[in-house]
Amino acid sequence: MAVLVVADNDNAHLRDTTHKTVTAALAMSGDVDVLVLGQGADAAAAAAAKIDGVRKVILAESADVGHGIAEAICDTIIGLAGGYDAVLVPATSAGKNFAPRVAAKLDASPISDVIEVVSADTFVRPIYAGNALETVQTADKTKVLTVRPTAFKAAGEGGSASVEKVAAASAAKSRFQSEEMVKSDRPELTAAKIVVSGGRAMGSADEFQKVIEPLADKLGAAVGASRAAVDAGYAPNDYQVGQTGKVVAPALYIAIGISGAIQHLAGMKDSKVIVAINKDADAPIFQVADYGLVADYKAAVPELMAALG
Amino acid sequence: MKVLVPVKRVIDYNVKARVKPDQSGVDLANVKMSMNPFCEIAVEEAVRLKEKGVATEVVIVSIGPAQAQETIRTALAMGGDRGILIQSDTDVEPLAVAKLLAAVAKDEGADVVLMGKQAIDGDNNAVGQMLSTLLDWPQATFASKVEIGGGKAVVTREVDGGLQVLEVDLPAVITADLRLNEPRYASLPNIMKAKKKEIATKATGDYGVDVAPRLKVLKVAEPAKRSAGVKVENAAELVAKLKTEAGVL
């Protein structure tokens, strides 16, 4: 069987979520190709060609796929899908946007957020915010999966696959108008080694910035937030860690003023080491924390900054 | 302009799902059920479109057991005009849900389908995208702002790393993200009024859609539990432990 992995990239960079999805693909088959979509994305395609175990890289370019328009991406994939038994997509917002379309076109039942490949047709995925793990088997001719990148190790680099160019589709009824990307020197949330997250206890957007961001910068960490903090307007939505936001699994996760609602835990409980700082000793976050500090963050964070030197 | 809003009855947001001892699924007996939170946001947005004079009718549709009628009533109490219940006592997979909704959207001559981006039980985040594909309508998912006019929708979308503004021709499928709005609570008079609103009951067979599951669920298990660690006395001890014991600093 052959598997097509759809890369997660902008034109210049390939994100390591691609490498992780390749690992999932290699657990299904030895014949793994990577599709890079973009506009002027030669650099991303060249990076994909270096991933270990990749047979071939396909670069498909058009303005619409460069802007992530789902209809154009889907039609491009459908044009290639005949040669594959499975299409694997990193479960990012971009991937979740088009993967179900591909499944609908192929009359396949999509399998979302795969965290384990049991065999080439059997997969494990979380349901109910990660409170249950479902093992499902599919008989679809072409399987369509989104893969939760944090559940897989990144494939190494050392390969030298060929890059083949194909034309990408356009979309007739959707038009890109503009985008507003958060500019930040901090690492990307889902790829960061350390994440510092703040919760509703911060009380205001100002306080969130004053407390969480300097600590994150000191540690070279990404900034996250609980849904409660996002809903209250203390932090932008793309900071949100949880079932309804991003799923992270860094080496160190520091939760500050976060109570630990089920929905938040679903987004961070696979972190290697979890630290919780909360003044409520009964907060559920302490049940998953490796190191708990029962203290008001107002005193504890400055002390932590000082202790870090 | 007619807006169709699919809603799903799911385990309440605040209830922890428990796996059945025989690993056949999640135990939903005697558990509080509510409208999926993302569906509530979609209903709210549709009702606001009607209040602004953009939409003329808001039709609520749900696929589920007889009790899903309560979920439809909740949406009608928020301001929906009438409901359709497609009754099914077994779980319907996203692909079949999308096929049923496509049939309803065509039947109703809907101009916009506004729906939640995902249901919090299956967490698939797939039906809206699949529905748009089957209807050959454009899609605008993960919406945080929707403006409709002149046969088009301009939708601000939550994407990785920021926001994207997309313009789509109508008819279109729009899926709601968390920040689109804050759903209202239905007032008592509106709850009473909703009891008189029409709900048509249909069967999945009425739409000629094969709803047999494609996926075989082999088991549903509990995730490995994470155990609580230790409490530290102060920040200095925390840093020391992270450096030496955990080795992450």
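How many residues of domain 1 of chain A are in contact with domain 2 of chain A, and how many residues of domain 2 do they meet? Let me start there, with the reminder that we're looking at a predicted model.

So, the layout of chain A: domain 1 runs over 2–167, and domain 2 over 189–308. Eight residues of domain 1 are in contact with eleven residues of domain 2. If you sort the domain 1 side of that contact by type, you get two nonpolar, three polar and three charged residues. And the C-alpha centres of the two domains of chain A lie 30 Å apart.

Okay, into chain A a bit further along. Have a look at strand E12, residues 194–198, and strand E13, residues 222–225. Those two pair in the parallel sense, over four bridges. If you want one pair to click on, take A:Val196, whose bridge partner in E13(A) is A:Val223. Helix H6, residues 205–219, joins in here too: E12(A), H6 and E13(A) make a right-handed β-α-β unit.

Now, which residues sit on each face of E13(A), and are they buried or exposed? As a reminder, side chains in a regular strand alternate between the two faces of the sheet. In E13(A), one side has A:Ala222 and A:Gly224, the other has A:Val223 and A:Ala225, and all of these are buried, so both faces are covered.

Let's move to where the chains meet. The contact takes 68 residues from chain A and 64 residues from chain B. On the chain A side, the largest share comes from helix H5, residues 93–105, which puts in nine residues. By type, the chain A side divides into 33 nonpolar, 19 polar and 16 charged residues.

Stay on H5(A) for a second. Twelve of its 13 residues are buried, so this helix is mostly covered. The buried ones include A:Phe98, A:Pro100 and A:Val102, but also A:Lys96 and A:Arg101. Just after the helix comes A:Asp107, with a positive phi of about 50 degrees.

There's strand pairing across the chains as well. Strand E16 of chain A, residues 291–294, and strand E13 of chain B, residues 230–232, pair in the parallel sense over three bridges. Mind the numbering: this E13 is the one in chain B. To find the spot, look for A:Gly292, which stands opposite B:Lys231.

Over to chain B, then. What's it built from? Six helices and 13 strands. Its C-alpha atoms fill a box of roughly 65 × 45 × 40 Å along the principal axes. Of its 249 residues, 49% are buried. And if you take contacts in chain B between residues at least 6 apart in sequence, 69% of them join residues at least 24 apart.

One last residue: B:Gly162, in strand E9 of chain B, residues 162–169. Which residues does B:Gly162 touch, leaving aside those up to four places away in sequence? The list is A:Glu179, A:Glu180, A:Met181, A:Val182 and A:Asp238. Why call B:Gly162 partly exposed? Because it has 15 other C-beta atoms within 10 Å, and that falls between the 12 or fewer of an exposed residue and the 20 or more of a buried one. For scale within chain B, the C-alpha atoms of B:Gly162 and B:Leu49 are separated by 25 Å, with their positions 113 residues apart along the chain.

Terms used:
Residues numbered from 1 in each chain as written. Chains lettered and ligands numbered in written order. Predicted model: local features only at pLDDT ≥ 70, side-chain atom pairs only at ≥ 80, totals over all residues. Contact = placed C-beta atoms within 7 Å. Nonpolar A, V, L, I, M, F, W, Y, C, P; charged D, E, K, R; others polar. Pairing = 2+ DSSP bridges. Domains from an automatic or database assignment. Right-handed = clockwise from strand over helix to strand, strands pointing away.
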